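User: Here is the model I would like to go through. Please keep the answers short.

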Number of protein chains: 2
Amino acid sequence: MVKARKYVVKKAFEGLPKREDFEIVEYELPSLKNGEILVKVEWVSVDPYMRAYSTQFSIPYDQFGYQVGLVEDSKDPKFPVGTKVVSHKGWCDYVIIDTNEVDPFCSVYKLPEIKGFSDSLGVGAVGMPGAAAYFGLMDICKPKAGETVVVTGAAGAVGSLVGQIAKIKGCKVIGFAGSEEKLKWLEEIGFDKAINYKGANLSAALKEAAPKGVDCYFDNVGGELSSIIINQMNDFGRVAVCGSSSSYNEDPSKTPKASILQPALVFKQLKIEGFLTWRWLYRQSDAHTELIKWIQSGELKPREHIYEGFENIYDAFLGILKGENVGKAVVKL
Amino acid sequence: MVKARKYVVKKAFEGLPKREDFEIVEYELPSLKNGEILVKVEWVSVDPYMRAYSTQFSIPYDQFGYQVGLVEDSKDPKFPVGTKVVSHKGWCDYVIIDTNEVDPFCSVYKLPEIKGFSDSLGVGAVGMPGAAAYFGLMDICKPKAGETVVVTGAAGAVGSLVGQIAKIKGCKVIGFAGSEEKLKWLEEIGFDKAINYKGANLSAALKEAAPKGVDCYFDNVGGELSSIIINQMNDFGRVAVCGSSSSYNEDPSKTPKASILQPALVFKQLKIEGFLTWRWLYRQSDAHTELIKWIQSGELKPREHIYEGFENIYDAFLGILKGENVGKAVVKL
């Protein structure tokens with residue numbers, strides 16, 4: 001008998017989630033049935049959508065999320081003992097996975113081989129955040145070499161990849177982030193300019209950084225900063241909306257207000273499209289193949305913010321919601 | 001020598017344009033050169049973009065706009081005397097047009113034949129507003145039969161066509177307008193429901209009218225009403241932004257605020273696109289051919305709000321900015 005632990009959300013979040021909103025439940029796993037595998041979880045992901053999606057579930061619910069683990073026992077010959085797998089089984093240390101179960105976020109799959117790099121990339125640059133950055137930028141923003149690309153949440157898991165991919169594609173890249181450490185890192189990895197969104201007169205700062213206007217905007221934050229950026233876009237500019245982290249901790253019935261977008265939308269003939277990454281699930285591996293190529297050639301440098309220990313997953317989660325992470329936040333069990 | 005009159009904008013608009021912002025200038029037209037035609041203007045159009053675009057021009061400028069006129073003298077065999085023409089020569093009673101001049105809004109062209117209907121449709125249902133409604137709806141919203149389409153500014157020149165085209169395409173149509181007379185007319189011409197945007201609890205009213213959610217939204221107004229509608233859209237909903245009339249009389253440096261769109265954009269994976277009708281200029285006649293067919297079969301009923309007299313163009317313009325018109329506002333000279 002294997003003992004497992006998992007985080008259960010037992011109280012609806014109000015504002016920033018509190019430690020007491022979660023309960024760590026310990027329980028015994030049953031024996032495996034045909035088509036099942038026993039996974040020892042090695043890496044757990046914490047991401048902003050865990051906050052944003054919380055209202056979609058009825059309390060209590062097991063905290064969902066991506067994870068990388070090792071198959072320790074198997075009743076599915078496609079996943080023999082020793083296989084590394086990625087699944088959406090959330091914040092737990094051991095889990096039984098029915099390999100035929102269909103999950104809208106991702107059914108279990110083998111971790112892509114990322115020679116010389118940490119397996120944790122499977123929930124980061126070579127996981128959902130990588131696919132979000134790749135497809136959001138390439139399929140929605142469709143940047144052309146020489147164009148100016150702006151990304152908010154630029155030092156986060158997705159934003160930092162977006163900026164680097166846009167550089168690989170020959171664009172000028174401007175990122176917004178919230179600390180001097182983050183700005184310094186962004187310029188180190190090739191961003192042409194990084195701007196502190198907590199600073200004064202963001203409109204003037206952007207105008208100086210992007211004197212020819214903005215062609216593509218990858219939006220992770222929403223709100224007034226997005227209105228400022230969208231107002232500096234060029235004709236036929238494209239906006240991919242990946243997240244709205246500026247409002248995730250708000251009461252959803254009280255959406256914050258910001259300067260309206262319609263005048264810029266009309267006069268610049270802009271296109272804005274929101275997306276959830278699972279829309280590209282069926283070709284996620286195409287993105288991962290490209291990303292692994294760039295990572296191994298050194299063109300793309302994924303950075304991770306590593307927390308340690310099952311007990312600290314909550315702290316890691318709070319950290320990303322408060323913007324403390326630089327790069328992708330992951331928890332090593 | 002022909003004496004002509006034209007409206008010149010001599011003072012930048014602040015808020016609602018004032019009569020004193022215009023000057024009526026009387027002058028003598030020179031004799032025709034080769035490639036020119038003398039047009040006696042019969043119908044002048046007044047449209048919201050005349051307010052919205054005013055900041056793009058330096059004062060003084062001749063008031064631009066669509067017009068239908070009769071060729072009274074011609075030095076271009078393609079446009080013989082007696083031809084009816086459409087041009088973007090604005091608020092004047094006589095004008096000389098160089099037929100080879102390229103105008104981004106539209107170069108002069110022959111009025112399409114609209115048997116049994118007024119020539120004024122050439123600046124309305126069979127002019128720019130018709131093309132805006134047709135392409136904005138068909139190319140951007142892409143409505144499918146059975147879907148729910150919402151249109152704001154529904155009793156206006158463009159909105160009233162959008163709703164009727166969506167009905168022809170088999171959709172359920174809900175319109176927002178600002179007077180009981182307008183609501184009554186919209187339901188007469190086939191809208192499934194018309195809602196007064198000045199009423200209370202618009203969100204509940206829309207939920208009742210569109211219990212299955214909104215698939216397409218044709219936005220003429222922007223602002224909070226648009227945020228309310230966009231928040232009730234279904235997954236993969238499409239929004240065409242044609243105008244932002246709720247903000248046209250505002251100081252452009254003080255864009256009004258409304259509830260942010262990013263959460264709905266992401267979680268419903270919505271697409272919002274703004275457009276200016278000239279992007280479809282090269283295939284405008286395709287739209288007009290369809291529209292004429294529907295008008296002549298009686299499926300589409302264009303309504304006009306007719307003002308009379310050159311001196312009253314300003315009043316007609318003020319009327320549309322205050323929402324007094326039902327259907328397309330035109331001025332008969």
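User: Which residue of E4(A) stands opposite A:Val8?

Analyst: This is a predicted model: local features need pLDDT of at least 70, side-chain atom pairs count only at pLDDT 80 or more, and totals for chains, interfaces and linings use all residues. Residues are numbered from 1 along each chain as its sequence is written, with chains lettered from A and ligands numbered from 1 in the order in which they are written. Strands (E, at least two residues) and helices (H or I, at least four) are DSSP runs, numbered from the N terminus. Opposite A:Val8, in E4(A), stands A:Asp62.

User: What is the strand order of the open sheet of three strands in chain A?

Analyst: Strands pair if DSSP finds at least two bridges between them. E1 (residues 2–9) of chain A runs antiparallel to E4(A), and two bridges join them. The edge strands, E2 (22–29) and E4 (61–62) of chain A, each pair on one side only. Pairing in the sheet is antiparallel, and the order is E2-E1-E4.

User: Why are H5(B) and H6(B) described as oblique to each other?

Analyst: Axes are lines fitted to C-alpha atoms, for helices over the stretch in contact, and angles run from 0 to 180 degrees between N-to-C directions. Under 35 degrees counts as roughly parallel, over 145 as roughly antiparallel, 65 to 115 as roughly perpendicular and the rest as oblique. The axes of H5 (residues 202–209) and H6 (residues 223–230) of chain B come within 10 Å and cross at roughly 40°. H5(B) and H6(B) are therefore oblique.
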